[in-house]
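Grab a coffee and open the viewer. Here are a few short exercises, each with a solution worked through step by step.

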Amino acid sequence: MQMNVMVKIFKRFSGSSNGLDGIAERLLNYYNIMITKELWTEIARLTNLHGYMSGVNRESERVKATGEVYTPTELTIEMMQRMLADDPEIFAPGKTILDPACGDGQLLVPVKWYKVLHHGMFPQDACEDLYGVDIMRDNVDLCKDRLGGGNIIMGNALDPDTRLPEQTDMEYETMRDLFSDKSSLEAFLS
Ligand SMILES: C[S@@+](CC[C@H](N)C(=O)[O-])C[C@H]1O[C@@H](n2cnc3c(N)ncnc32)[C@H](O)[C@@H]1O
């Protein structure tokens, strides 16, 4: 892959009449653009290994009640790029991300791959930085499966004190600990 990129760079820049510094700077910029493009293509590919909105039977009544319409991969990637423009270290190792209505992980899965591919984290460590809550048991399980880990629990993010029928004790206690008191959630995520 790197060889192809270098060949393209030299083809593009051979014959440039700028000074050496200018050429080096332009080479570096172009190299970064090519690498970044390949990075996002790979993140999209890995995310799309799971078909959009697949894996669970979401009838229209259910979708109406829960709002289960997931963010398309391209849109998630655009959001991530905007976040990175504000803070290039926003997905660095140890930086946690919470999706309080995580669905099947359309937001969390690309973040995992960015942490792995860009920051060189091990997948398991990358998942440790990811937090998700969803009100539907099957979405929680699917999200966990897709990530291969992560801190994904069932809960009602709008009403964390109310126990859901399929919630485990651990999920219920975690929801109460983290969400009932807004200041503890903020402290936890900071
Ligand atoms: C619009 S989808 C968004 C999913 C994901 N964040 C994304 O961007 O693809 C909303 C998700 O929130 C879940 N949900 C709805 N009400 C919720 C609540 N009160 N607490 C937690 N999750 C909820 C639904 O089950 C659904 O999976």
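A residue counts as buried if 20 or more other C-beta atoms lie within 10 Å of its own. By that rule, 23% of the 190 residues of the chain are buried. Keep in mind that this is a predicted model.

**Exercise 1. List the elements of the chain, then work out how its strands are arranged.**

Step 1. Take stock: there are nine helices and three strands. Reading from the N terminus, you get α-α-α-α-β-α-α-β-α-β-α-α.

Step 2. Put the strands side by side. They make an open sheet in the order β1-β2-β3, and the pairing is parallel. Strands β1 (97-99) and β3 (151-154) sit at the edges with a single partner strand each, so one side of each has no neighbour in the sheet. From one strand to the next, the twist averages 10°.

Step 3. Zoom in on one pair. Strand β2 (residues 130-134) is joined to β3 by four bridges. Try clicking on Asp-134: its bridge partner in β3 is Met-154.

Step 4. Add a helix. Helix α5 (residues 108-117) lies across β1 and β2, and runs at about 170° to β2.

**Exercise 2. Find the residues that touch the most other members of the largest nonpolar core, and say which elements build that core.**

Step 1. The core holds 26 residues, and Leu-108, Cys-143 and Leu-147 touch the most other members.

Step 2. Now sort by element. Those giving two or more residues are α5, α6 (123-128), β2, α7 (137-147), β3 and α8 (169-180). Helix α5 gives the largest share, with five residues.

Step 3. Follow Leu-108 outward. Leaving aside residues up to four places away in sequence, its contacts include Ile-97, Leu-130, Cys-143 and Leu-147.

**Exercise 3. Describe the residues around the ligand.**

Step 1. The shell has 20 residues, of which Tyr-70, Thr-71, Ala-101, Gly-103 and Gln-106 come nearest.

Step 2. Split the shell by class: 10 nonpolar, seven polar and three charged residues.

**Exercise 4. What is the phi of Met-53, and where does this residue lie?**

Step 1. Start with the background: most residues other than glycine have a negative phi.

Step 2. Check the residue. Met-53 is not a glycine, yet its phi is positive, at about 60°.

Step 3. Place Met-53 in the chain: the loop between α2 (20-47) and α3 (60-66).

Step 4. Count its surroundings. Met-53 has 15 other C-beta atoms within 10 Å, so it is partly exposed.

Technical notes: Residues are numbered from 1 along each chain as its sequence is written. This is a predicted model: local features need pLDDT of at least 70, side-chain atom pairs count only at pLDDT 80 or more; totals for chains, interfaces and linings use all residues. Two strands pair if DSSP finds at least two bridges between them. Axes are lines fitted to C-alpha atoms, for helices over the stretch in contact, and angles run from 0 to 180 degrees between N-to-C directions. Two residues are in contact if their C-beta atoms, placed from the backbone, lie within 7 Å. A nonpolar core is a set of buried Ala, Val, Leu, Ile, Met, Phe, Trp, Tyr and Cys residues joined through C-beta atoms within 7 Å. A residue is buried if 20 or more other C-beta atoms lie within 10 Å of its own, exposed if 12 or fewer, and partly exposed in between; C-beta atoms are placed from the backbone. A residue is near a molecule or strand if its C-beta atom, placed from the backbone, lies within 6 Å of it. Ala, Val, Leu, Ile, Met, Phe, Trp, Tyr, Cys and Pro count as nonpolar, Asp, Glu, Lys and Arg as charged, and the others, Gly among them, as polar.
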